[in-house]
Amino acid sequence: MTATLTAIIRAKPGAEDRVRAALLKVGDFVRAHEPGTLDYFVAQDPQDAARFTTYERFADAAAMMTHNEGEGSKTFFAEAGGLLDGPVTIVTAEEIFSR
């Protein structure tokens, strides 16, 4: 069954562009190095530029673990961790429907 992860990330005031760039860098890493990551979506709230949401789909729980413990995620937190306004809210689940 497909594993999913949704993350809600909030940037500190003035750090929105740097957090956005770090998230896009993760996407480039995923595309190049993580075949088990089926989809990696990043959205930025048009009403609140400091709020980002990712929606990530993985072939299985092992692929999600590879992503979460991998270089792309580690690099994001190394670059953007100090730019975040509070903890990242993460919800993991098993996908029960997709179109």
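## Strand pairing

Thr4 stands opposite Arg57 in strand S3. The model that shows this pairing is a predicted one. Thr4 and Arg57 belong to a longer register: strand S1, residues 3-10, is joined to S3, residues 51-58, by 8 bridges, and the two strands run antiparallel.

S3 is also joined to strand S2, residues 37-44, by 7 bridges, again in an antiparallel arrangement. Within this pairing, Ala43 has Thr53 of S3 as its bridge partner. The connection from S2 to S3 is a hairpin of 6 residues.

## The sheet

Taken together, the strands form an open sheet of 4 strands in the order S2-S3-S1-S4, with antiparallel pairing. The edges are formed by S2 and by strand S4, residues 89-94, each of which pairs on one side only. From one strand to the next, the twist averages 10°.

Helix H1, residues 16-33, packs on this sheet and touches S1, S2 and S3. The direction of H1 makes about 165° with that of S2. As a general point on sheet geometry, side chains in a regular strand alternate between the two faces of the sheet.

## Packing of H1 and H3

H1 also packs against helix H3, residues 71-80, at an angle of about 165° and with the axes 9 Å apart. Angles over 145 degrees count as roughly antiparallel, and H1 and H3 are therefore roughly antiparallel to each other. The crossing in which H1 passes H3 is right-handed.

The contact between these helices involves Val19, Ala22, Leu23, Lys25, Val26 and Phe29 on the H1 side. On the H3 side, the residues met are Glu71, Gly72, Phe76, Glu79 and Ala80.

## The aromatic pair

A search of the whole structure finds 1 aromatic pair. This pair consists of Phe76 and Phe77, whose ring centres are 5.0 Å apart; the planes of the rings lie at 80°, so the pair is edge-to-face. The cut-off for that class is an angle over 60 degrees between the planes.

The two residues fall into separate accessibility classes. Phe76, which is among the H3 residues that meet H1, has 4% relative accessibility and counts as buried. Phe77 has 45% relative accessibility and counts as partly exposed. The limits that apply here are under 20% for buried and over 50% for exposed, with partly exposed in between.

Conventions: Residues numbered from 1 in each chain as written. Predicted model: local features only at pLDDT ≥ 70, side-chain atom pairs only at ≥ 80, totals over all residues. Heavy atoms only, no water. Pairing = 2+ DSSP bridges. Axes fitted to C-alpha atoms, helices over the stretch in contact; angles between N-to-C directions. Contact = heavy atoms within 4.5 Å. Phe/Tyr/Trp six-rings, centres within 6.5 Å; stacked < 30°, edge-to-face > 60°. Buried < 20%, exposed > 50% of the residue type's maximum accessible area, 1.4 Å probe, protein only. Parallel < 35°, antiparallel > 145°, perpendicular 65-115°, else oblique. Left-handed = near helix turned anticlockwise from the far one by under 90°.
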